[in-house]
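Got your viewer open? Let's take a short walk through this one, a stop at a time.

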Amino acid sequence: MQKSGFKLTFFEIRLKHIILYHRFFIHLSTKTKSMRTSIITEKIEIEDIINQCDVCFVGITEADGTPYVFPMNFGYSNGEIILHSAPEGKHLNLLALNNKICATFCSERKLVYQHPDVACSYSMLAKSVICKGSVTFIDDLNEKMEALNITMKNYTDRSFKYSKPALINVKVWRVKVEEMTAKAFGQNFK
Ligand SMILES: Cc1cc2nc3c(=O)[nH]c(=O)nc-3n(C[C@H](O)[C@H](O)[C@H](O)COP(=O)(O)OP(=O)(O)OC[C@H]3O[C@@H](n4cnc5c(N)ncnc54)[C@H](O)[C@@H]3O)c2cc1C
């Protein structure tokens, strides 16, 4: 009798645990719904995300079709991404085969959670932008200077002069953005 009495209590406790867990996960899933991902459509808001970034991740295509993604500093103005590089490199060899690129930007990252012990309650507040376009290279030295100024403006308010050899040596990439999408993640997190 004693034993079966203990068993009943044990199962009651298990049942209570199950009910509590069940309620907790319903609570979490409700919270998750309230921190849904949203699509950003306002151009000004999308450009604001880009302008908050100091690095973008540029994806191009390897000769065998696999992706090649690398970080780059950049400038952005009037629907154009400005990039610059050394005059040689793997990326330039690949761009000669296929000049289409995808650039990703991510800003306002913040780790948040509902409960520190529950992995699936963790989330990241963030906004990100994906831009697609094709690279053309700027040859005119005055245009290169303007493009480099756009890049420098992303990092400092100072103005700069560039020597002719430096301008000749740098490869300046212009990407006219043809497709731009943006998403906000976990913005309603409470
Ligand atoms: C924060 C940041 C900002 C940067 N900004 C610029 C920029 O504005 N302009 C610029 O030209 N470069 C920039 N770089 C460097 C850039 O990411 C590339 O490494 C560089 O452009 C050389 O690329 P490549 O294709 O010519 O490489 P190569 O030197 O020709 O490649 C040789 C091999 O090295 C590997 N490799 C190349 N780059 C990287 C990398 N970043 N990480 C790991 N492995 C790599 C590749 O697998 C490749 O096969 C930046 C890097 C960082 C971290």
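Start by selecting Lys90 and Tyr68: the charged end of Lys90 sits over the ring of Tyr68, 4.3 Å from its centre. Keep in mind that you're looking at a predicted model. Tyr68 counts as partly exposed, since its relative accessibility is 23%.

Now for the ring pairs, of which there are four, all aromatic. One of them joins Tyr68 to Phe70, a tilted pair with 5.1 Å from centre to centre and 50° between the planes. Phe70 is buried, at 9% relative accessibility.

Next, select Phe137 and Trp173. Their ring centres are 6.1 Å apart and the planes meet at 80°, so this pair is edge-to-face. Phe137 belongs to strand β7 (residues 122-138) and Trp173 to strand β8 (residues 171-185), so the pair ties together parts 36 residues apart in sequence. How buried or exposed are these two? Trp173 is buried, at 0% relative accessibility, while Phe137 is partly exposed, at 31%. Add Lys171 to your selection: Lys171 lies over the face of Phe137, 4.7 Å from the ring centre.

Hop over to Val55, in the loop between α2 (43-51) and β2 (56-61). Val55 is partly exposed, with 29% relative accessibility. Show its neighbours and you'll find that Val55 touches Pro71, Met72, Asn73 and Phe74, leaving aside residues up to four places away in sequence. Then try Phe105: it is 50 residues from Val55 in sequence, with 7.2 Å between their C-alpha atoms.

Last stop: Thr151, in helix α4 (residues 141-153). Thr151 is buried, with a relative accessible area of 2%. Leaving aside residues up to four places away in sequence, Thr151 touches Phe74, Gly75, Ile82 and His84.

How values were computed: Residues are numbered from 1 along each chain as its sequence is written. This is a predicted model: local features need pLDDT of at least 70, side-chain atom pairs count only at pLDDT 80 or more; totals for chains, interfaces and linings use all residues. Side-chain values use heavy atoms; hydrogens and water are left out. Helices (H or I, at least four residues) and strands (E, at least two) are DSSP runs, numbered from the N terminus. Buried means under 20% relative accessible area, exposed over 50%, partly exposed in between (1.4 Å probe, protein chains only). Contact means heavy atoms within 4.5 Å. Rings of Phe, Tyr and Trp (its six-membered ring) pair if their centres lie within 6.5 Å; planes under 30 degrees apart count as stacked, over 60 as edge-to-face and the rest as tilted. A charge sits over a ring if NZ of Lys or CZ of Arg is within 6 Å of the ring centre and within 35 degrees of the ring normal.
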